[in-house]
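Student: I'm new to this one. Could you walk me through the labels people put on it, and how each is decided?

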Amino acid sequence: MRKTQDSIMNPEEIFSIGSVVRIVDCHKETYKGTVRSFDYNTKILSIEAPSPTYAQLSDIYIFNLDYVADIEVLEEKSGAPEPLPFINVSKISQRLVEQEKDRIKQKTYIGVDVSPEGQRLMNTISKTISDCRWIEKDIVVLGEVTIKPPYGPRDLHCSEGSKALAHISKIVEKHYDEEAKLGRPVPSHC
């Protein structure tokens with residue numbers, strides 16, 4: 001058991017990945033966990049501890065050792081550290097590209113100078129049907145159905161022979177049922 005008090009960062013002080021440490025920070029709070037990373041040059045130490053609130057999850061704490069009052073190594077880990085998990089960089093890159101496309105698409109769902117009720121309706125519709133957009137203050141869904149202010153079920157207009165009207169009408173009615181349950185105002189002619 002090593003104890004480090006006044007000389008937190010003496011030249012031979014290295015924390016092995018996998019070692020168990022107890023840390024008292026500058027606020028006198030105590031943390032106990034397994035060393036996950038340590039950078040001598042920046043004096044940064046990260047530890048992993050079981051989450052007190054979520055079973056089978058861990059909390060990661062990152063410490064600048066300049067602001068640590070005491071470190072005690074409870075169990076020294078010797079030997080090679082566990083191998084790092086495989087990281088599929090191409091999969092992460094693809095996920096980032098998809099998230100960026102989704103973020104850009106989400107921006108198209110934001111109306112300019114529209115009522116909060118209209119924006120909430122657009123948010124509801126866009127969760128189910130991705131082909132919807134604003135044209136000035138009107139919501140256009142599937143290129144066939146237009147919902148005009150004040151955005152109630154009777155404010156739906158569609159092109160001749162559209163089969164989407166009944167489906168979208170159900171979404172709008174359900175949306176306003178939920179709004180009423182939340183105590184939010186609904187268009188007066190719903």
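Tutor: Sure, let's start with a pair of helices. In helix 2, Glu 117, Arg 120, Leu 121, Thr 124, Ile 125 and Thr 128 meet His 167, Ile 171, Val 172, His 175, Tyr 176 and Glu 179 of helix 3. Contact here means heavy atoms within 4.5 Å. Helices (H or I, at least four residues) and strands (E, at least two) are DSSP runs numbered from the N terminus. Keep in mind that this is a predicted model, where local features need pLDDT of at least 70, side-chain atom pairs count only at pLDDT 80 or more, and totals for chains, interfaces and linings use all residues. Residues are numbered from 1 along each chain as its sequence is written, and side-chain values use heavy atoms, with hydrogens and water left out.

Student: What kinds of residues make up the contact of helix 2 with helix 3?

Tutor: They divide into 5 nonpolar, 4 polar and 3 charged. Ala, Val, Leu, Ile, Met, Phe, Trp, Tyr, Cys and Pro count as nonpolar, Asp, Glu, Lys and Arg as charged, and the others, Gly among them, as polar.

Student: At what angle do helix 2 and helix 3 pack?

Tutor: Helix 2 (residues 116-128) and helix 3 (residues 164-181) pack at about 125°, with their axes 10 Å apart. That makes helix 2 oblique to helix 3, because angles under 35 degrees count as roughly parallel, over 145 as roughly antiparallel, 65 to 115 as roughly perpendicular and the rest as oblique. Axes are lines fitted to C-alpha atoms, for helices over the stretch in contact, and angles run from 0 to 180 degrees between N-to-C directions.

Student: On to the rings. What makes the pair of Trp 134 and Tyr 151 edge-to-face?

Tutor: Their centres are 6.0 Å apart and their planes stand at 90°, so the pair earns that name. The rule: rings of Phe, Tyr and Trp (its six-membered ring) pair if their centres lie within 6.5 Å, and planes under 30 degrees apart count as stacked, over 60 as edge-to-face and the rest as tilted.

Student: Which label goes to the aromatic pair of Tyr 31 and Tyr 61?

Tutor: Tilted, with 4.9 Å centre to centre and 50° between the planes. Tyr 31 sits in strand 3 (residues 30-39) and Tyr 61 in strand 5 (residues 58-64), 30 residues apart. Ring pairs also bring in Phe 63, making a cluster with Tyr 31 and Tyr 61.

Student: Is Tyr 31 buried or exposed?

Tutor: Buried, since its relative accessible area is 17%. Buried means under 20% relative accessible area, exposed over 50%, and partly exposed in between (1.4 Å probe, protein chains only). Tyr 61, at 26%, is therefore partly exposed.

Student: And why does Glu 75 count as exposed?

Tutor: Because its relative accessibility is 52%. Glu 75 lies in strand 6 and touches Ser 19 and Val 20, leaving aside residues up to four places away in sequence.

Student: What is notable about the phi of Tyr 151?

Tutor: Phi is positive, about 75°, although Tyr 151 is not a glycine. Tyr 151 belongs to the loop between strand 9 and strand 10, and at 2% relative accessibility Tyr 151 counts as buried. Lys 28 also has a positive phi, near 65°, but Lys 28 is exposed, with a relative accessible area of 63%.

Student: Where is the cis peptide bond with omega of about 10°?

Tutor: That bond joins Pro 149 and Pro 150, and Pro 150 lies in the loop between strand 9 and strand 10.
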